[in-house]
Amino acid sequence: MTAQSGSIESVLVENRVFPPSEATMEGARIKGMEAYQALCDEAEKDYEGFWARLARENVVWTKPFTKVLDESNAPFYKWFEDGELNASANCLDKHMGTPVENKTAIIFEADDGKVTKVTYKEMLERVSQFANALKAEGVKKGDRVIIYMPMTIEGIVAMQACARIGATHSVVFGGFSAKAVHERIVDAGAVCVITSNYQMRGGKELPLKSIVDEALAEGGTECVKSVLVFERTPTACNMVEGRDKTFSQALEGQSTVCDPVPVGAEHPLFVLYTSGSTGKPKGVQHSTGGYILWANTTMQWTFDLRPEDIFWCTADIGWVTGHTYITYGPLAAGATQVVFEGVPTYPDASRFWKMIQDHKVTIFYTAPTAIRSLIKAADSNEAVHPKNFDLSSLRILGSVGEPINPEAWMWYYKNIGGERCPIVDTFWQTETGAHMMTPLPGATPLVPGSCTLALPGITAAIVDETGNELPNGSGGILVIKRPWPSMIRTIWGDPERFKKSYFPEELQGAYLAGDGAVRSEDRGYFRITGRIDDVLNVSGHRMGTMEIESCLVAKSDLVAEAAVVGRPDDLTGEAICAFVVLKQGRPSPEEAPKIAKALRDWVAHEIGPIAKPKDIRFGDNLPKTRSGKIMRRLLRSLAKGESITQDTSTLENPAILDQLGDAY
Ligand code: WT7
């Protein structure tokens, strides 16, 4: 693949186009744009027939479905409702007796570099044994289980084991605080918590179990009957008699055979909490049938998966990417995948490149933030530059989680992909379950910074505020016009919030993604321009501004008022900027850094280190209109360090702007 024409004029106009090479097209599942178009046409002609065909081909049903889509109680859509299946059986049991049975399922590389491999057959035994241990703890179909685990084979086994017995898992990212764990336990009404004594990150041993203990010490957690603790390191941790068991204790004597429990297609496979535009995180509820269908299908389409591929998704199981493209998709598709416990910069910033070389990775899927930080590291230290490593095994590259800037795209394309590997820039969300828009390696001409076109069956469009579709060449609100099988079913325990957040009346029944996008004039390619709500994307992690504001204000001995906005950041995409009014008034320049640190530590303790504001600015007040509304637009300009050119005549207290100039 070489650039066909043009050069970059600005970030807004991108003229470079990279059509798939013959080598990439050779043997591709979806070969050429005609093949892509044929699938789109099939979906358009007979939407339900298209999805029914895929659901029959890509999902193993214990009871076949007779109904495809039920729209009678929109937007609470149901897919394949009378069908029955088990998600774990779709990832493991179905491969038994096939060539996949003895294939390596997981190549696990620990933080310290130690490698462990597990075959599909061994995975089935481990998952079954763990499922039996859960049953012995009294966990049953329909119960919720919180998983707060490091990136380990055991974390994946725990998720699969829940699925096997029909328990709904809710994974909490290992970087979240005790308060976050507490909130999720209470909201989900969990009966069991699966955790680890410690986790290893960058050579450091960090506690997990003690955070669970802190969470369980708070009220509302009586629902939790047992805690299972993986002994990741030999270091002892506190164990509560009668409630806590180590994995070895729980697994002892348990059989490695456990029949998968069939569940209805709509049975909640998992609830995953994510930030929204109001304070409280939303429990995004996913189905079993539709979710497994799209997880498996997108593995095959987006990554053009082949039996000999070595797939590596660098995400954490605490995020949706880890759910769909580590725990479920690769296993459902029978892939061999690399699972990595550590961080990209330990022992140095060449870790990813060395691992691609060592494990002969063919498909590499990571986030723009990681790419940008590794570019920076390679620029300043020759030794960690990817050119020192043999990356010739690579065949496809992927990007996910945030817009990838064309500069980072080109670096990834040249230095990692050797100008040979297509980059699939996959747009999707926790709520969408799996990919929505992405190039297809053997079909779609690539444009740096664009997620190109919707997958066949996905009805993405750009509309104005009243839901009217806009033509190519325009920018607007990104919507999905029709329901799709892997979509969010509801917000756990809050169906009203589900309706209000994703199906506002103005949009005439379309799903509101929460992102803005533009479509190119010529190809109709989508480029995501960022969130249109009060959600920030920091290093590919979603953070609600209101969530951080409530957290700051909760430090009531110090803080009177706070407002949080985002600003662009070269490394993290967006950075969190907090404007704070202290009870004591504006701090002196000597005091300010200390108070800023105290506030950051507080946010890290209350939410997690990823929510720490990068900039904190102090004022005697916040810029408000005469009616008392905080002028966020103005705050965003201040955060960017722009000079204020906006009309400030409606501002009640214009003098405040001068105070807010210094960031700590
Ligand atoms: C938000 C969803 C997708 C799984 C990981 C994040 C942004 C995601 C892209 C992309 C531009 C992207 C959007 C979206 N986003 N992928 N390829 N290009 N933006 O899942 O935490 O639910 O966040 O991430 O803003 O709404 P999430």
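Is lysine 204 buried or exposed, and at what relative accessibility? At 55% relative accessibility, lysine 204 counts as exposed. Here buried means under 20% relative accessible area, exposed means over 50%, and partly exposed is in between (1.4 Å probe, protein chains only).

The legends below describe a predicted model, in which local features need pLDDT of at least 70, side-chain atom pairs count only at pLDDT 80 or more, and totals for chains, interfaces and linings use all residues. Residues are numbered from 1 along each chain as its sequence is written, and side-chain values use heavy atoms, with hydrogens and water left out.

**View 1. Six positions that UniProt annotates as "binding site".** An unreviewed UniProt entry places this feature at Arg201, Gly202, Gly203, Lys204, Thr321 and Ser539. These positions are spread over 339 residues of sequence, and in space they reach up to 24.6 Å between C-alpha atoms. UniProt positions follow the numbering used here, feature names are shortened, and annotations may be inferred rather than shown by experiment. Lysine 204 lies in strand E10. Threonine 321 belongs to helix H11. Helices (H or I, at least four residues) and strands (E, at least two) are DSSP runs, numbered from the N terminus. Threonine 321 counts as buried, at 11% relative accessibility. Its contacts, leaving aside neighbours within four places in sequence, are Cys313, Ala315, Ile326, Tyr365, Val400 and Trp428. Contact means heavy atoms within 4.5 Å.

**View 2. The ligand and its shell.** The ligand is surrounded by 17 residues, and the closest are Asp425, Thr426, Thr430, Asp515 and Arg531. A residue is near a molecule or strand if one of its heavy atoms lies within 4 Å of it. The shell divides into 6 nonpolar, 6 polar and 5 charged residues. Ala, Val, Leu, Ile, Met, Phe, Trp, Tyr, Cys and Pro count as nonpolar, Asp, Glu, Lys and Arg as charged, and the others, Gly among them, as polar. Helix H11 (320–332), strand E20 (423–426) and strand E25 (526–531) each supply at least two residues of this shell.

**View 3. Polar atoms around the ligand.** An N or O atom in the side chain of arginine 531 is 2.8 Å from an oxygen atom of the ligand. For the side chain of asparagine 537, the distance from an N or O atom to a ligand oxygen is 3.3 Å. A polar backbone atom of glutamate 402 lies 3.4 Å from a nitrogen atom of the ligand. On its own the ligand has 550 Å² of accessible area, and the protein covers 95% of it. Accessible areas come from the Shrake-Rupley method with a 1.4 Å probe; for residues, only the protein chains shown count as cover.

**View 4. Valines 553 and 559.** The "binding site" annotation in an unreviewed UniProt entry covers Val553 and Val559. Valine 553 is in helix H16 (residues 545–553). Valine 559 is in strand E28 (residues 559–569). Valine 553 counts as partly exposed, at 34% relative accessibility, whereas valine 559 counts as buried, at 2%. Beyond four places in sequence, valine 553 is in contact with Val559, Glu561 and Ala562. On the same basis, the contacts of valine 559 include Leu552, Val553, Val580 and Leu599.

**View 5. Lysine 624 in its loop.** Lysine 624 sits between strand E30 (615–618) and helix H18 (632–640). Lysine 624 counts as buried, at 14% relative accessibility. Its side chain makes a polar contact with the side chain of glutamate 561 (2.8 Å). Another joins it to the side chain of asparagine 621 (3.5 Å). A polar contact is a pair of N or O atoms within 3.5 Å; within protein, one must be able to donate a hydrogen and the other to accept it, and residues adjacent in sequence count only if both atoms are side-chain atoms.

**View 6. Helix H8 and its surroundings.** Helix H8 (residues 209–216) is mostly covered, with 6 of its 8 residues buried. The buried residues are Lys209, Ile211, Val212, Asp213, Ala215 and Leu216. They pack against several elements, including helix H7 (178–188) and strand E11 (226–230).

**View 7. Backbone details in loops.** The peptide bond from alanine 74 to proline 75 is cis, with omega near 5°. Tyrosine 346 and proline 347 are also joined by a cis peptide bond, with omega near -5°. Aspartate 304 is not a glycine, yet has a positive phi of about 45°.
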